[in-house]
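User: I am new to this structure and would like to know how the descriptive words used for it are justified. Please take me through the reasoning step by step.

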Amino acid sequence: MTATAASGLQLASARPCIASSRRVFKAGAANLDVNSKAVSWTKLASACHLSQSLEPFRRSFASSSVKFNKVVIKAMSESSENKPVSGLPIDLKGKRAFIAGVADDNGYGWAIAKSLAAAGAEILVGTWVPALNIFETSLRRGKFDKSRVLPDGSLMEITKVYPLDAVFDNPDDVPEDIKTNKRYAGSANWTVKEVAESVKQEFGSIDILVHSLANGPEVSKPLLETSRNGYLAALSASSYSYVSLLKHFIPLMNPGGSSISLTYIASERVIPGYGGGMSSAKAALESDTRVLAFEAGRKHKIRVNTISAGPLRSRAAKAIGFIDTMIEYSIANAPLQKELSADEVGNAAAFLASPLASAITGAIIYVDNGLNAMGVGVDSPIFKDLNIPGEKH
């Protein structure tokens, strides 16, 4: 079992995701189309949900064309060394980040990489081995160039892509059927320990570690119908993989560094359809975040936080089948009635990775338009006579 790139509802129903070890070339200028998609409005009668809002921190922002009240906010990088900087900028120049779980250009892992790059960080990524060739080929052929555009007009550069399967800590853990699987043919040194050793050998150290991985092979099953193997697989790929990553990468991390993971509100509230042990895996991830913050802080001066992100219309999230419904529900019931942008999560990560968040560790940061603050679904018919303020779409 392997860990896939976490995006949308923080899971993917495939094996874990992590990357290849080849250089990515610069591409020419590209235009970024940031028009948001219109979302059909479907009232979802419901009695309860959740949410609380934390607007992502950023040094400055650019808004996209507004359609259906979606605002895209981007971490800004300076277009000129001589340009005076006002305000309180996020500056990650001279920092190096490793983002585990980037396999395409529309998930949270990619958005976090972009925000870190916009703030000046060098980007290394880990991609799930079976997705490696497609990801690298798409990068090489310029298919992601539009998505690589940074606020200053330059393109995000990925210094290196490593093959990674975060379900396996070292070569001895890899079963024979995976070793002989043709989807792993041609790749080597892709267990967590081997990738950490490769990064150390080639770059020496990192400052930022991002875990954007999740996988629940039985996510569509209710918990009562989930098998032991399915449940443990979800915890292995979605929770323990973070413990393993931090364990192996923390010796490479410079003091004052930051480690970030992605979680989901299903850890705290019941989200029907988010099954297969995934809610338990996210609860474990959040608990581990607190313990890891203590241990990594005391021993290594590393901060550890997790972002509880709202639903995103990503390729991985579409695999679970009801992401559109969750987005519609969020827009209907969240304090901020707009579709969440991956860039907003990326900018929150850039803040957490920066010196501006130097006293924040062991925290769950909600980036979900405030949905976690809600105790009921205000679109329920029982509230129709309360004249609740909101926008009609």
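**How the labels are earned**

Analyst: Asn181 counts as partly exposed, because its relative accessibility is 22%, and a residue is called buried under 20% and exposed over 50%, with partly exposed in between. The model is a predicted one, and in it Asn181 is placed in the loop between helix 4 and helix 5. The C-alpha atoms of Asn181 and Pro130 are separated by 9.5 Å, although the two residues are 51 residues apart along the chain.

User: Why is Asn189 called buried, exposed or partly exposed?

Analyst: Asn189 has a relative accessibility of 45%, so it counts as partly exposed, given that this class runs between the 20% and 50% limits. Asn189, too, has its place in the loop between helix 4 (176-179) and helix 5.

User: What makes the phi of Asn189 worth pointing out?

Analyst: The phi of Asn189 is near 55 degrees, which is a positive value in a residue other than glycine. Most residues other than glycine have a negative phi. Asn369 also has a positive phi, near 65 degrees, and is likewise a residue other than glycine. Asn369 is found in the segment after strand 11 (364-367), and it is buried because its relative accessible area is 5%, where the limit for that word is under 20%.

User: How do you know whether Val195 is buried or exposed?

Analyst: Val195 has 0% relative accessibility, and therefore it counts as buried. This residue lies in helix 5. With residues up to four places away in sequence left out, Val195 touches Phe98, Tyr162, Pro163, Leu164, Asn189, Trp190 and Phe249, where a touch means heavy atoms within 4.5 Å. Val195 and Asp169 are 9.7 Å apart in space, C-alpha to C-alpha, and 26 residues apart in sequence.

User: What makes helix 5 and helix 6 a packed pair, and which residues form the contact?

Analyst: Helix 5 (residues 192-203) and helix 6 (residues 228-249) pack with their axes 9 Å apart, at an angle of about 35 degrees, and their crossing is right-handed. On the side of helix 5 the contact is made by Val192, Lys193, Val195, Ala196 and Val199, while helix 6 contributes Ser244, Leu245, His248 and Phe249. By class, this contact has 6 nonpolar, 2 polar and 1 charged residues; Lys193 is in the contact, and Lys counts as charged, whereas Val and Phe count as nonpolar.

User: What makes strand 7 a strand that is described as mostly covered?

Analyst: For strand 7, 6 of its 6 residues are buried, that is, under 20% relative accessible area. Strand 4 (residues 96-100) runs parallel to strand 7 and is joined to it by 4 bridges, and the bridge partner of Phe98 in strand 7 is Leu209.

User: How do you know that strand 7 and strand 9 pair, and in which sense do they do so?

Analyst: Strand 7 (residues 206-211) and strand 9 have 5 bridges between them, in the parallel sense, and because two strands pair if there are at least two bridges between them, the word applies here. Ile206 stands opposite Met253 in strand 9, and His211 stands opposite Ser261 in strand 9. Strand 9 (residues 253-263) is itself mostly covered, with 8 of its 11 residues buried.

User: Which handedness does the crossover from strand 9 to strand 10 have?

Analyst: Strand 9 and strand 10 (residues 303-309) pair in the parallel sense over 6 bridges, and in strand 10 the bridge partner of Leu262 is Ile307. From strand 9 the chain crosses through helix 7 (residues 278-300) to strand 10, and this β-α-β crossover is right-handed.

User: Why is Leu312 called buried?

Analyst: Leu312 has a relative accessible area of 8%, so it is buried, the limit being under 20%. Leu312 lies in the loop between strand 10 and helix 8 (315-318).

User: How many helices and strands does the chain have, and what share of it is buried?

Analyst: The chain has 10 helices and 11 strands, and buried residues make up 57% of its 393 residues.

Note on methods: Residues are numbered from 1 along each chain as its sequence is written. This is a predicted model: local features need pLDDT of at least 70, side-chain atom pairs count only at pLDDT 80 or more; totals for chains, interfaces and linings use all residues. Side-chain values use heavy atoms; hydrogens and water are left out. Buried means under 20% relative accessible area, exposed over 50%, partly exposed in between (1.4 Å probe, protein chains only). Helices (H or I, at least four residues) and strands (E, at least two) are DSSP runs, numbered from the N terminus. A crossover is right-handed if, with the strands pointing away from the viewer, the path from the first strand over the helix to the second runs clockwise. Axes are lines fitted to C-alpha atoms, for helices over the stretch in contact, and angles run from 0 to 180 degrees between N-to-C directions. A crossing is left-handed if the near helix is turned anticlockwise from the far one by less than a right angle, and right-handed if clockwise.
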